[in-house]
Amino acid sequence: MQSPSETPAAVRILVVEDDAQLNALLVRQLSALGYDVESAEDGRAAIATLARAQFDAVLLDRMLPAIEGVEVLRRMRAEGVETPVILLTALGLTQERVEGLEAGADDYIVKPFEIDELNARIRAVLRRRSTPAADNATLSAGDVTVSVLRHRVTRAGKPIELQKTELKLLAELVREAGSVLSRKMLIERVWGYDFVPTTNIVDVHILKLRQRLEMPGLPDPIATVRGVGYMFRA
């Protein structure tokens, strides 16, 4: 486990979890790791807390009383709040995870989870948000073009709206078009993890990318290489 000294004390985390026991446990464990932690136990309290204070990351339970977690997330993003959000979910269905990512989540973790993995995910989303886009070139493969710096994607000349993580994933696939990228490689490059998480986060984002890039009469540009990973068709 990471020692408290390795986590900057200035990093503020909001824990939104209606299970009082889990809420208290997360506050205690994250505080021991050096984070400055505040908590809320329902969606309405979460919105009120976010309105009066700024945080570096939010751990947001998906199923909350008063206002559910995904709705809290939608309101945050609608108001322009870009704070990284990790959804805490007991829901294992892919479509439920896609809904959370579609609403603007940066990551998700399925209960039950270990604090070490949660801590790694927090550090990863903080790194992604604090690191400026390094690629100002326009990448292209087939009929798809990607500009990471300008956050622009087109297919067959038509603009495609993507979330930040979706765009970064697409950029990696397009950059290596014609080559197979394993899930581990994508996890390291896009999410910044130095381990393979227990959730199928790559597959969920690939599913969403395919839906975004789908156009009548055009083939799926992303090929699945069973047992290995994914390849963008050159």
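**A walk through the predicted model**

Glu166 lies in helix H6, which covers residues 164-175, and in this predicted model the residue has a relative accessibility of 1%, so that Glu166 counts as buried, the limit being under 20%. Once its neighbours within four places in sequence are set aside, Glu166 is in contact with His205, Lys208, Leu209 and Arg212.

Thr165 is also found in helix H6, and because its relative accessibility is 10%, Thr165 too counts as buried. Leaving aside the neighbours within four places in sequence, Thr165 is in contact with Asp106, Arg128, Val190, Trp191 and His205. As a gauge of distance across the model, the C-alpha atoms of Thr165 and Gln21, which are 144 residues apart along the chain, are separated by 32 Å.

His205 belongs to the contact between two further helices, and this is where the description turns next. Two packed helices are described by the angle between their axes and the distance between the axes. Helix H7, residues 183-191, packs with helix H8, residues 201-213, at an angle of about 80 degrees, and their axes are 10 Å apart. Because angles of 65 to 115 degrees count as roughly perpendicular, H7 is roughly perpendicular to H8. On the side of H7 the contact is made by Arg183, Leu186, Ile187 and Trp191, while H8 contributes Ile201, Val202, Asp203 and His205. Trp191 and His205, then, take part in this helix contact, and both are also among the residues in contact with Thr165.

Towards the start of the chain, Val16 lies in strand S1, residues 12-16, and since its relative accessibility is 1%, Val16 counts as buried. Not counting residues up to four places away in sequence, Val16 touches Ala40, Asp42, Ala46, Val58, Leu59, Leu60, Asp61 and Leu64. For one of these, Asp42, the C-alpha separation from Val16 is 6.7 Å, although the two residues are 26 places apart along the chain. Strand S1 covers residues 12-16, and at Arg12 the charged end of the side chain sits over the ring of Phe55, 4.7 Å from the centre of that ring. Pairs of aromatic rings, by contrast, number zero in the structure.

Backbone geometry gives a further group of features. Most residues other than glycine have a negative phi, and most peptide bonds are trans. Ala66, placed in the loop between strand S3 (57-61) and helix H3 (69-78), has a phi near 70 degrees, a positive value in a residue other than glycine. His151, in the loop between strand S7 (144-147) and strand S8 (152-155), likewise is not a glycine and has a positive phi, of about 55 degrees; with a relative accessibility of 35%, His151 counts as partly exposed. The peptide bond from Lys111 to Pro112 is cis, with omega near -10 degrees, and Pro112 has its place in the loop between strand S5 (107-110) and helix H5 (115-130).

It remains to consider the confidence of the prediction. The protein averages a pLDDT of 88, and 91% of the residues score at least 70. Over residues 1-5, however, the pLDDT is below 50, and this stretch has 11 contacts in the model beyond near neighbours in sequence. Where pLDDT is low, the predicted coordinates should not be read in detail.

Conventions. Residues numbered from 1 in each chain as written. Heavy atoms only, no water. pLDDT = per-residue confidence, 0-100. Contact = heavy atoms within 4.5 Å. Helix = DSSP H or I, 4+ residues; strand = E, 2+ residues; numbered from the N terminus. Buried < 20%, exposed > 50% of the residue type's maximum accessible area, 1.4 Å probe, protein only. Phe/Tyr/Trp six-rings, centres within 6.5 Å; stacked < 30°, edge-to-face > 60°. Lys NZ or Arg CZ within 6 Å of the ring centre and 35° of its normal. Axes fitted to C-alpha atoms, helices over the stretch in contact; angles between N-to-C directions. Parallel < 35°, antiparallel > 145°, perpendicular 65-115°, else oblique.
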